[in-house]
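User: Please take a close look at one chain of this model and walk me through its fold, its packing and the details of its backbone. I would also like to know how this chain meets its partner.

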Amino acid sequence: MRQYLRGLIALVLFTASQAMAHHSFAAFDLNKTVVIQGELTVVRFTNPHSWFEVKVAGAEGKSEMWKIEGLSPQQLFSRGLKRSAMKVGDKVTLTVNPMRNGEVGGSLVNITLADGTTLLGGPGQ
Amino acid sequence: MKKYLVPLGLILSLAAAQFANGAEATVSVDGKRLPNIGGVWIRTGSFLFDPAVRNPLLLKPPYKPDWMKDFDAHRKRVAETGVNTQDPTAGCLPPGMPRMMSAVYPMEVLLTPGQVTIITEWMGQIRRVYTDGRGHPEDPDITYVGHSTGKWEGDVLVIETVAMKGDTMLDQSGMKHSDQIRVVERLRLLDPQRLENELTLHDPVAFTAPWTVKRVFNRAKPGEEMREFVCMENNRNPIKPDGSVGVILQGNESTPK
């Protein structure tokens with residue numbers, strides 16, 4: 001229950017805002033969310049934004065490589081993320097605002113880590 | 001009863017020599033006991049210039065008619081097409097004043113004799129606010145952060161900034177201003193953990209009247225530190241040849257060891 005509640009709070013926070021960081025987020029479709037599940041292949045805690053790549057299993061044995069831009073490292077860490085909690089090879093579930101142009105990628109909304117904890121990772125505040 | 005407990009608690013916490021997170025409540029600078037506005041601060045409210053507004057279409061800048069017409073056309077286009085052509089920070093240029101004071105990245109305030117220094121994590125910009133009584137230069141250099149002087153009016157630090165570049169935006173919505181803009185800020189502690197900045201923009205070229213907003217910052221929690229900012233370390237959002245902000249998904253595909 002608590003987890004759903006947290007998810008709901010994240011959703012409400014997200015809906016109430018369309019913010020992010022150093023640039024315009026117009027390239028992402030902020031009215032649409034996609035949930036993806038897969039294996040982290042790239043983890044970069046860099047400014048202006050964090051960057052993650054996730055290998056998502058698709059139909060007929062083909063996989064898709066999702067490329068995802070997230071909040072700044074400082075913002076993620078202040079929301080309780082530990083640097084060591086996202087490693088290459090981890091299984092994660094991410095909610096993202098997809099690219100408007102259909103490319104396989106998006107802007108991070110929230111993350112459910114390998115250990116089951118969820119945190120707001122995207123357009124916050 | 002409960003009503004009285006809250007102010008009482010506030011008075012007690014203000015009276016305490018130290019804040020909960022260890023910062024001193026007041027500091028001695030230039031022979032005066034001043035409210036300790038020093039430390040790392042995290043912005044609250046919207047990332048737009050007006051912290052109460054989250055949708056660019058709802059912003060109400062006091063623009064002159066021709067400026068308003070341009071901005072209306074721009075924000076309508078962005079909302080409809082998703083193409084933003086008015087955000088130089090995407091190309092790693094600094095936000096400058098006043099946009100740097102509404103960043104989603106933290107800022108650090110330092111109080112030293114004759115000077116208050118504001119360092120923003122975003123682009124690593126530095127504002128030097130001279131509190132030694134000097135005025136603005138007669139023929140100032142025009143820069144992103146401008147030239148700032150400050151004076152304490154009781155517990156309020158009043159900062160005046162002039163000589164800012166005219167080609168930065170007020171925020172991500174693409175609101176423009178002229179190089180005649182003058183910014184007056186009133187910084188004060190609301191309580192030990194909250195800093196208020198009342199910003200007033202005076203722009204005789206773009207505006208019909210001054211524009212004032214209030215923004216509140218929360219003191220960073222223990223362990224929340226400023227990070228270095230190297231914009232080109234992983235800028236996935238460069239400005240394309242047509243002037244619009246893009247997203248580059250390819251390249252740099254590895255996790256540094």
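Analyst: Along the sequence, the elements of chain B follow the order α-β-β-β-α-β-β-β-β-β-β-β-β, which comprises two helices and eleven strands; both kinds of element are DSSP runs numbered from the N terminus, helices being H or I over at least four residues and strands E over at least two. The model is predicted, and local features are given only where the pLDDT (the predictor's confidence in each residue, from 0 to 100) is at least 70, side-chain atom pairs only at pLDDT 80 or more, while totals for chains, interfaces and linings use all residues. Residues are numbered from 1 along each chain as its sequence is written, and chains are lettered from A and ligands numbered from 1 in the order in which they are written.

The pairing of β7(B) gives a clear view of the strand arrangement, where strands pair if DSSP finds at least two bridges between them. On one side, β6 (residues 126-130) and β7 (residues 147-153) of chain B run parallel over two bridges, with Val129(B) and Ser148(B) as bridge partners. β7(B) also pairs with β8 (residues 156-162) of chain B, in the antiparallel sense and over seven bridges, and here His147(B) faces Val162(B). Two residues lie between the strands of this hairpin, in which Gly154(B) has a positive phi near 65 degrees.

Two residues other than glycine also have positive phi values. Met123(B), with phi near 65 degrees, sits in the loop between β5 (115-120) and β6 of chain B. Met123(B) counts as buried because 22 other C-beta atoms lie within 10 Å; the class requires 20 or more such atoms within 10 Å, whereas 12 or fewer make a residue exposed and values in between partly exposed, with C-beta atoms placed from the backbone. Ala163(B), whose phi is about 65 degrees, belongs to the loop between β8 and β9 (182-191) of chain B, and it is partly exposed because 19 C-beta neighbours lie inside 10 Å. A further backbone feature is the cis peptide bond between Met97(B) and Pro98(B), with omega about 0 degrees; Pro98(B) is in the loop between α2 and β4 (107-112) of chain B.

Met97(B) also appears in the packing, being one of the six residues that touch the most other members of the largest nonpolar core, which has 24 residues; the others are Met100(B), Ala103(B), Trp122(B), Val183(B) and Leu201(B). Such a core is a set of buried Ala, Val, Leu, Ile, Met, Phe, Trp, Tyr and Cys residues joined through C-beta atoms within 7 Å. At least two of this core's residues come from each of α2 (65-81) and β10 (194-202) of chain B. A separate second core holds 16 residues, among them Val40(B), Val116(B), Leu157(B) and Ala220(B). Over the whole chain, 34% of the 257 residues of chain B are buried.

Finally, 32 residues of chain A are in contact with 34 residues of chain B, contact meaning that C-beta atoms placed from the backbone lie within 7 Å. On chain A, the elements giving two or more residues to that side are β1 (34-44), β2 (50-57), β3 (63-70) and α2 (73-78), and α2(A) supplies the largest share, four residues.

Key
Contact = placed C-beta atoms within 7 Å.
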